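Student: Please take a close look at one part of this model, the place where the two chains meet. I would like one connected account with the terms explained.

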Amino acid sequence: MMLSDGEANELLSFLTLETRPDVKGHATEYIVGLTGNPDGCRYLRSKPDFLKALVTLTSDASIAIIKDCYHALINLSADETLHQPLLKETNILPTLLQNLLDPEYVLADRICTILSNLTRHERTCRDVFRVLQEQNIGLAKVVEIFCTEGFNKKASLHYLGPLLSNLAQLPEARHFILDKERCVIQRLLPYTQYEESTTRRGGVVGTLRNCCFDYAHHEWLLGDTVDILPHLLLPLAGPEELSEEENEGLPVDLQYLPEDKTREADPDIRKMLLETLMLFTATKVGRKIMKSKNVYPITREFHKWEKDPHVISACEKLVQVLIGDEPEEGMENLMEVEIPQDVEEKLKELDAKEQQQIENEAQESEEKNQNESPKGLER
Amino acid sequence: MAAPAQGEDSDDGMDEFMESFKTKKYKNAFNEGNWEEEFDKVPMFMKTAPEEIDPLKHPDLACIQSIIHDDDRTPEEQARNYKDEGNEYFKEKNFKKAVVSYTEGLKKNCVDLELSAILYTNRAAAHFHLGNIRSALNDATAAKKLKPDHIKAILRGAQCCIELHHYSEALQWCDEGLRLLPIDKNLQELRAKADKQKREAERDARKAKVKAKKEQNEKDALLAAIKERGIKLLKPEASQHKGSDSEDDDGDGGSSRALADLELDGISSQEATGAHVYMDEQGVLYWPVLFLYPEHEQTDFISAFCENSSFIDHLAVMFGEELPPWDTERKYRPQNLQLFFEDHEKGNLYQVDLEKPLLSVLQNQRCTVKAGTPSFIVLVSGSPFCKQFLSGKKVKRLKF
């Protein structure tokens, strides 16, 4: 059902700023339809002029046309194969980024979605970061916009969260976020408890997790300047009353939590938080600090409360390290330990088996729940 | 010195002048005794300026001052002078005077925004050191408005917010500053300080709430225990209790009012020890109890009388080895004593069986606890005073 060359040319001729709105509208509508399926996307991939036109029309006079273009671009950017064509054949990035900076720009959220899509994979992600620098915007401005409540009255900009998380894949982006001379990561921390948006929250937690792979920064992150730990634990902490003794031993933010305290609702985010905490246990100094912060009551209560098997498993791994003994000489940094090939394979096998088991159990319990009256799993 | 007449050799006049020193005494010279004092009065040699410049005492100083603040100069120059003056006072830690100077400078309303911003910022600093934190904050805000990139103003504003415990606002100031100077250490430190204190304040609030809840629960349990035992508490006169008339007082209505009464009762206890009834871990009540000795106008106060203890237990100790000094006749021995409580409503006296525990007495229908403190009248049985005291009163024995 793809267009003939003649049809394509005609369609293209309608996609200009000067074309009559009604005709143009039909054209853009058609394009949106194309982008709705993989074949259409593949077709457009080979038609750089169409891509160019779409980007140009984001400055059209008619809001309906603009919306269509964004819709199409969102769909296109969701397809990884379109990333390089979009970047190479159009000036999509400068256009989007400049509009993003405009506090009055009504469709800023759509821009965030597109950028979030484009940064999913390393290559284009790197390009986006580079263009940010070239446009003299920098990651600094993105973080600032993200952290400024009500920067854009018409757009929530929550998808800047996933954008940051994706950018944090890049060492150059992490270098900026973890800059000790600045105050960047500190501004992101409070958003781990941002109730209004799962997207924003998840984006921040993802960013933090990606940053924590750099274990050279762990001591700084766990220290007073940043103090990342409470922000990772608060979403996992609940309303359960702890004894005065237990409370006084906790970090300040976790003490005397109120009765209406709720835990993070999204299991994926909970898992990410636990994974991030786990990362800190990779080094000896990290383990020491984690143990000294006396957070065991939090993980204990969390373990009692959690129902999702995948998350429980992550929690148990963490608890084991926290209450376990120090590993022997040479094993102190688990990230640096050289695992012999055959052991590595065995471990992978075990991992896969465990994964399967978890899935089976999850399956069983689901079926069980369907048959029985609703009731939580007892443990 | 007068200008020499044209053509005259000016040196002649000078020579004559110098010659006269050899013969005439220099008038109005410093005298040897007080020349240092005199020196201090000369503006050029003054070490410190006097607090107030009285034109009569220091005409020369007043003159110099008026030159500095001469209206012929431009507003900018005048403002600048006031700024410098203020800075001098500031260095001397004379912050009050500094404020005055800066204020005068600001009155000049000069168009130099930077200068005005500096005046505001400096005045903010002076106010800060005087403890006028709100004024300081206002000035810092004004400075920032004139010059949004004035870091000193931003630092001062943030400091003021911290002093006022407005931590979120402090963070906003710091972040604003960091936007301009991302690597400024002072801003970062201040931000960290504000953040830390904010989180501590939040924790303190949570802790206080937990504590209040705990106390509330304890009070509820106490009241419930008292009620459960069927013990009646006498409420104080209604008019004294604030808000007791309004129906929609508080959410928990009756219980909190009763609690307040209990508190009021306990606190208004005559002994003013602050002691009031409490419940131990086993759920046993301990009451503050007053013993009255009308014969000698004396009292004894037991701060924690266990409800399961009997009167004789306490009396044996109180009137055991040593009798009280006021017992001149040495007759207040446990075996001689009679105890009564008063029914306030009817004015009757009820005699108490000394062997019985406090609880059973309190539970008696006729007994009401006044001011949270049960009180008992103690008399010596058969004594003249006792007979006199009891005559004319209706005395009943408690039925158990």
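Tutor: What follows goes through the interface of chain A and chain B, with a short look at chain A beforehand.

This is a predicted model, in which local features need pLDDT of at least 70 and side-chain atom pairs count only at pLDDT 80 or more, while totals for chains, interfaces and linings use all residues. Residues are numbered from 1 along each chain as its sequence is written, chains are lettered from A and ligands numbered from 1 in the order in which they are written, and side-chain values use heavy atoms, with hydrogens and water left out.

Chain A has 22 helices and 0 strands; helices (H or I, at least four residues) and strands (E, at least two) are DSSP runs, numbered from the N terminus. The C-alpha trace of chain A spans about 75 × 55 × 50 Å along its principal axes. Of the 379 residues in chain A, 49% are buried, where buried means under 20% relative accessible area, exposed over 50%, and partly exposed in between (1.4 Å probe, protein chains only).

Now the interface. On the side of chain A, 19 residues are in contact with 15 residues of chain B, contact meaning heavy atoms within 4.5 Å. About 1600 Å² is buried between the two chains, and carbon and sulfur atoms give 48% of that area. Buried area is the accessible area (1.4 Å probe) that two parts lose on being put together, summed over both. A:Glu181, A:Val252 and A:Tyr256 supply 33% of what chain A buries against chain B, more than any other three residues.

Between the chains there are 12 residue pairs in polar contact, both residues at pLDDT 80 or more. A polar contact is a pair of N or O atoms within 3.5 Å; within protein, one must be able to donate a hydrogen and the other to accept it, and residues adjacent in sequence count only if both atoms are side-chain atoms. Helix 13 (185–188) and helix 16 (229–233) of chain A are the elements that give two or more residues to the side touching chain B. That side divides into 7 nonpolar, 3 polar and 9 charged residues. Here Ala, Val, Leu, Ile, Met, Phe, Trp, Tyr, Cys and Pro count as nonpolar, Asp, Glu, Lys and Arg as charged, and the others, Gly among them, as polar.

Side chains of opposite charge can pair when their charged atoms come close. The rule finds 7 salt bridges across the interface, and a search of the whole structure finds 39 over all chains. A salt bridge is a side-chain nitrogen of Lys or Arg within 4 Å of a carboxyl oxygen of Asp or Glu.

One salt bridge is formed by B:Arg199 and A:Asp227, whose closest N and O atoms are 2.7 Å apart. B:Arg199 lies in helix 10 (residues 185–228) of chain B and A:Asp227 in the loop between helix 15 (218–222) and helix 16 of chain A, so this pair joins two chains. Both residues are buried. B:Arg199 and A:Asp227 also belong to a salt-bridge network with A:Asp253 and B:Asp195.

Another salt bridge pairs A:Glu248 with B:Lys207 at 3.0 Å, N to O. This pair joins two chains because A:Glu248 lies in helix 17 (residues 244–249) of chain A and B:Lys207 in helix 10 of chain B. A:Glu248 counts as partly exposed at 36% relative accessibility, and B:Lys207 is partly exposed with a relative accessible area of 31%.
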